[in-house]
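Q: I am new to this structure. Please take a close look at how its strands pair and what they pack around.

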Amino acid sequence: QVQMVESGGGSVQAGGSLRLSCAASLSTLSSKCLAWFRQAPGKEREGVAAVGTGGRRTSYADSVKGRFTISQDTSENTVTVYLQMNLLKSEDTAMYYCASAASYICYTTDWSRESSYNYWGQGTQVTVSS
């Protein structure tokens, strides 16, 4: 059974940084795209960033461009996706989820379409206080 295990969430003051990690027991044959989504209380889940498992294509939500950086690392049976979050704002407070897609969705403008992602992590909370 595929597991996606997230870590790195926590509480930080505005202007601070956090780094999220998510490791998945998947090979690059089964995972072509990795992404981070987030859901704030009372809001719909939204795409934050996505990266191809080749590492050459990244996409970002406008709200995080210039502040967040997504990256990935792959080995034989594990793919890992990271989200470096700098200059955090209170509006970044949310539950953050990693996700994996077997398709090349992250190479399109629909990279944030949730239904394209096959596997999801359990979520890690990020709280930014002002």
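A: Two strands count as paired if DSSP finds at least two bridges between them. Keep that rule in mind for what follows. One caution comes before the details: this is a predicted model.

Begin with the whole chain. The protein chain has 11 strands and 0 helices. Read along the sequence, its pattern is β-β-β-β-β-β-β-β-β-β-β. The radius of gyration is 14 Å, close to the 14 Å that the globule rule gives for 130 residues, so the chain is as compact as a globular protein of that length. Along its principal axes, the C-alpha trace spans about 40 × 25 × 25 Å. Contacts often link distant parts of the sequence. Of the contacts with a separation of 6 or more, 61% join residues 24 or more positions apart.

Now the open sheet. It has 4 strands, in the order β1-β3-β8-β7, and their pairing is antiparallel. The edges are β1 (residues 4-7) and β7 (residues 68-74). Each has a single partner strand, so one side of each is left without a neighbour in the sheet. Direction ignored, neighbouring strands here are turned by 15° against each other on average.

Look at the β7 end of this sheet. β7 and β8 (residues 79-85) pair in the antiparallel sense over 7 bridges. Thr-74 stands opposite Val-79 in β8. Past β8, the chain enters a loop that leads to β9 (residues 94-101), and Leu-87 is found in that loop. Leu-87 is not a glycine, yet its phi is positive, at about 50°. Is Leu-87 buried or exposed? Its relative accessibility is 52%, and the cut-off for exposed is over 50%, so Leu-87 counts as exposed.

Next comes β4 (residues 33-39). This strand is mostly covered, with 6 of its 7 residues buried. β4 has antiparallel pairings with β5 and with β9. With β5, β4 shares 6 bridges. Arg-38 has Glu-46 in β5 as its bridge partner. β4 and β5 form a hairpin with 6 residues between the strands. Gly-42 in this hairpin takes a positive phi near 80°. With β9, β4 shares 7 bridges. There, Cys-33 has Ala-101 in β9 as its bridge partner.

What do these strands pack around? The largest nonpolar core has 28 residues. Those with the most contacts inside it are Trp-36, Leu-83, Met-85 and Tyr-96. The elements that give two or more residues to this core are β3, β4, β5, β7, β8, β9 and β11 (residues 124-129).

Leu-83 gives a good view of this packing. Leaving out residues up to four places away in sequence, Leu-83 touches Leu-18, Arg-19, Leu-20, Trp-36, Val-48, Ala-49, Phe-68, Thr-69, Ile-70 and Tyr-96. Two of the core residues with the most contacts, Trp-36 and Tyr-96, are thus on the contact list of Leu-83.

Another core, of 10 residues, lies apart from the largest one. Among its members are Cys-33, Ala-101, Ile-105 and Cys-106. Cys-33 and Ala-101 are the bridge partners already met between β4 and β9.

Finally, step back to the surface. Buried residues make up 47% of the 130 residues in the chain. The accessible surface comes to about 6,600 Å², and 44% of this surface belongs to carbon and sulfur atoms.

Definitions and conventions: Residues are numbered from 1 along each chain as its sequence is written. This is a predicted model: local features need pLDDT of at least 70, side-chain atom pairs count only at pLDDT 80 or more; totals for chains, interfaces and linings use all residues. Side-chain values use heavy atoms; hydrogens and water are left out. Axes are lines fitted to C-alpha atoms, for helices over the stretch in contact, and angles run from 0 to 180 degrees between N-to-C directions. Buried means under 20% relative accessible area, exposed over 50%, partly exposed in between (1.4 Å probe, protein chains only). A nonpolar core is a set of buried Ala, Val, Leu, Ile, Met, Phe, Trp, Tyr and Cys residues joined through side-chain atoms within 4.5 Å. Contact means heavy atoms within 4.5 Å. The radius of gyration is taken over C-alpha atoms; the globule rule is 2.2 Å times the number of residues to the power 0.38. Accessible areas come from the Shrake-Rupley method with a 1.4 Å probe; for residues, only the protein chains shown count as cover.
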